[in-house]
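The following explanation leads the reader through one structure, from the packing of its helices to its sheet, its loops and its domains. Please keep the sequence and the model in view while reading.

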Amino acid sequence: MDEFLSSTLVKLNNNSFNELNLIIGNESCDLDSAISAIVYATYLYWQHNQVKCKVCTKAYRDGTLVKDDVFVPILNVDRADYELKTEVAYLLKKKGISASNLVFRDDHNLQELINNSKSKVVLVDHHVLAKKDEFLAPFVTEIIDHRPLDKSKWTYKEDTRSTIEIVGSCATLVAQRIKDLSSLVAKDVDFFKAYPICGELLHATIILDTVNFSKEVNKATPHDEDIIQFLESVIKPADYNAERQRILDTLVEARKDVSNLSAAQLLKKDVKIVGNVLVPSFPILVKEFLDRPSALEAVTEALSRKNCDVALLLGMDLTGGLKRDTAIYAPKSPEKAVKLGEYLLQWRTPDLQLQADKASCIYYQQLNLSASRKQYISPVTQWIQTSN
Ligand SMILES: [Mn+2]
C-alpha cells in the first residue's frame with residue numbers, strides 16, 4: 001500500500017507518466033473523503049494493471065520506457081493542516097501509511113498539472129465543487145458521493161459516470177463500486193485480498209461515519225450494512241461486534257484527541273463556509289471549546305480571515321452517550337447572531353430542538369441528536385437569502 005503510494009509519488013514528481021488520474025475528496029478532508037480517495041486510487045491502479053497489456057508496457061520503444069498511467073489520491077487539505085485531521089492521521093499511520101507518501105492539496109499546483117497532462121479527475125465524497133476547485137469540472141469522468149443530488153452547479157460532461165446514493169458513508173459506495181468493477185476482471189474479493197489494508201480502511205470509515213450503526217444517530221442504511229458484512233467476510237475479524245466497537249472507540253478517541261490543538265486550530269479542523277457564515281464543527285462540545293483560552297478571540301480572528309461575519313459553532317461529544325450543542329457569535333454585528341438564533345429556533349425541517357442556555361454568545365443545547373451540520377446548511381442558506 002505504502003509502496004503503491006511512494007511509487008506514485010515518484011512518477012508524479014519526475015513527471016514520468018502518460019495519463020494523469022486525480023482522485024480527490026472534499027475540502028473537509030474528513031476520514032471518509034481521505035479514505036475514499038486513497039482506496040479508490042489504489043483500486044484504479046490495480047484494475048489498470050489487471051487489464052493492461054503487460055507486454056506493451058514492459059517494452060522499450062526507441063530505448064525509452066513506455067510511460068504508464070498514474071493514479072494519485074489527493075488529500076484536499078494543505079499539508080500543514082494535516083495534523084488537524086487527527087483521526088485521519090491516526091488511522092493511516094496505524095495502517096503503515098506515512099504522511100510523506102501522501103499528496104496534499106498544496107503539494108502541487110493542480111491547475112498546472114492538469115493543464116500540462118492528459119488528465120482525468122474522479123470526485124469522491126462530494127459533487128458540488130468548491131470555488132477554488134471549479135477548474136476541475138471539465139476533467140471529471142466519475143463521481144462517487146453520498147450527498148443528496150444537487151444539479152445546481154452540475155457542469156460535468158454528459159458521459160460522466162456517477163454513483164450518487166444517500167448512504168451513511170461514501171466508503172460504502174466506493175466498496176460497492178470496487179466490488180462490481182472487480183467482478184468484471186476477476187473475483188469481487190480479489191482486490192481486497194491483494195490490498196487487505198484497503199478493506200480495513202473502508203470498514204473503519206463506515207463504522208465511524210455511521211457511529212457503529214447507531215440507531216440514535218440514524219445515518220446507516222441497509223446498503224452500509226450489506227457492505228460492512230461483505231468487508232467482514234474478507235477481513236474475518238475474530239469477533240465481529242467487538243471489533244466494530246473497538247474501531248469506533250479508537251477512532252472517536254483519535255478524532256477528539258485535540259488536546260494538542262489551540263482554539264485557532266480547532267476552528268480550522270472541520271469547517272464549512274455558507275455564504276457569510278462560518279460553520280466549524282468540533283469533536284468536543286462547544287461549551288468545552290468556549291472554556292479554552294482566547295476561544296472567542298480566535299473565532300473573531302477566523303471570521304475576519306475568512307471574510308465571514310457570523311460564526312455558527314457546532315459541538316458533539318460521544319463520551320457517555322451522544323450530546324450536541326451550538327453557539328452563534330457575531331462580534332461585529334451581534335444583531336445578526338440574534339436573528340440567526342431566532343431563525344434556527346423556528347426551523348422545522350428538521351426541528352433542531354435547540355434549548356437556550358446562558359453564555360457570552362448565543363448558546364444552545366441541541367436535543368435533536370441526529371441533526372448534524374448537513375441539517376444546518378438549509379436554514380443558514382435560507383436565512384442568508386432572507387436577511388440580505
Ligand atoms: Mn462523507
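**Helix packing, sheet and domains**

The axes of helix H8 and helix H10 (residues 240–255) cross at roughly 75° and come within 9 Å of each other. That crossing makes H8 roughly perpendicular to H10. On the side of H8 the contact is made by Ala-204, Ile-207 and Leu-208, and on the side of H10 by Arg-244, Ile-247, Leu-248 and Leu-251. By class, the residues of this contact divide into six nonpolar, no polar and one charged.

The model is predicted: local features need pLDDT of at least 70 and side-chain atom pairs count only at pLDDT 80 or more, whereas totals for chains, interfaces and linings use all residues. Residues are numbered from 1 along each chain as its sequence is written.

Several terms recur below. Helices (H or I, at least four residues) and strands (E, at least two) are DSSP runs, numbered from the N terminus. Axes are lines fitted to C-alpha atoms, for helices over the stretch in contact, and angles run from 0 to 180 degrees between N-to-C directions. Angles under 35 degrees count as roughly parallel, over 145 as roughly antiparallel, 65 to 115 as roughly perpendicular and the rest as oblique. Residues are in contact if their C-beta atoms, placed from the backbone, lie within 7 Å. Ala, Val, Leu, Ile, Met, Phe, Trp, Tyr, Cys and Pro count as nonpolar, Asp, Glu, Lys and Arg as charged, and the others, Gly among them, as polar.

H8 (residues 196–209) also packs with helix H2 (residues 31–51), at an angle of about 155° and with the axes 10 Å apart. This angle makes H2 roughly antiparallel to H8. The crossing of H2 and H8 is left-handed (the near helix is turned anticlockwise from the far one by less than a right angle; clockwise would be right-handed). From H2, the residues Leu-31, Asp-32, Ile-35, Val-39 and Thr-42 meet Cys-198, Leu-201, Leu-202, Thr-205, Leu-208 and Asp-209 in H8. The contact of H2 with H8 has seven nonpolar, two polar and two charged residues. Leu-208 thus appears in the contact of H8 with H2 and in that of H8 with H10.

Beyond H8, the loop that leads to helix H9 (222–235) contains Asn-212. Asn-212 has a positive phi of about 50°, although it is not a glycine. H9 packs with helix H6 at an angle of about 60°, their axes 9 Å apart, and the two helices are therefore oblique to each other. H6 passes H9 in a left-handed crossing. Thr-172, Ala-175, Gln-176 and Lys-179 of H6 make this contact with His-223, Asp-224, Ile-227, Phe-230 and Leu-231 of H9. Four nonpolar, three polar and two charged residues take part in the contact of H6 with H9.

The sheet comes next. Strands of a sheet pair through backbone hydrogen bonds, either parallel or antiparallel; here, two strands pair if DSSP finds at least two bridges between them. An open sheet of six strands follows the order E5-E4-E1-E6-E7-E8, with parallel pairing. Its edge strands are E5 (103–104) and E8 (161–164), each of which pairs on one side only. Strand E4 (residues 70–75) pairs with E5 in the parallel sense over two bridges, and Leu-75 stands opposite Phe-104 in E5. H2 packs on this sheet, where it touches E1 (19–24), E4, E6 (118–124) and E7 (140–145), and its direction makes about 180° with that of E4. H6 (residues 170–185) lies across E6, E7 and E8, running at about 120° to E7.

How is the chain divided? An automatic or database domain assignment gives domain 1 (2–253) and domain 2 (263–387). The C-alpha centres of the two domains lie 30 Å apart. Eight residues of domain 1 are in contact with nine residues of domain 2. On the side of domain 1 that touches domain 2, three residues are nonpolar, two polar and three charged.

Further along the chain, strand E9 (residues 271–274) and strand E10 (residues 277–282) pair in the antiparallel sense over four bridges. Val-274 stands opposite Val-277 in E10. This hairpin has two residues between the strands, and Gly-275 takes a positive phi near 60°. The loop between helix H14 (334–346) and strand E13 (354–357) holds Pro-350. The peptide bond from Thr-349 to Pro-350 is cis, with omega near 0°.

Conventions. Two residues are in contact if their C-beta atoms, placed from the backbone, lie within 7 Å.
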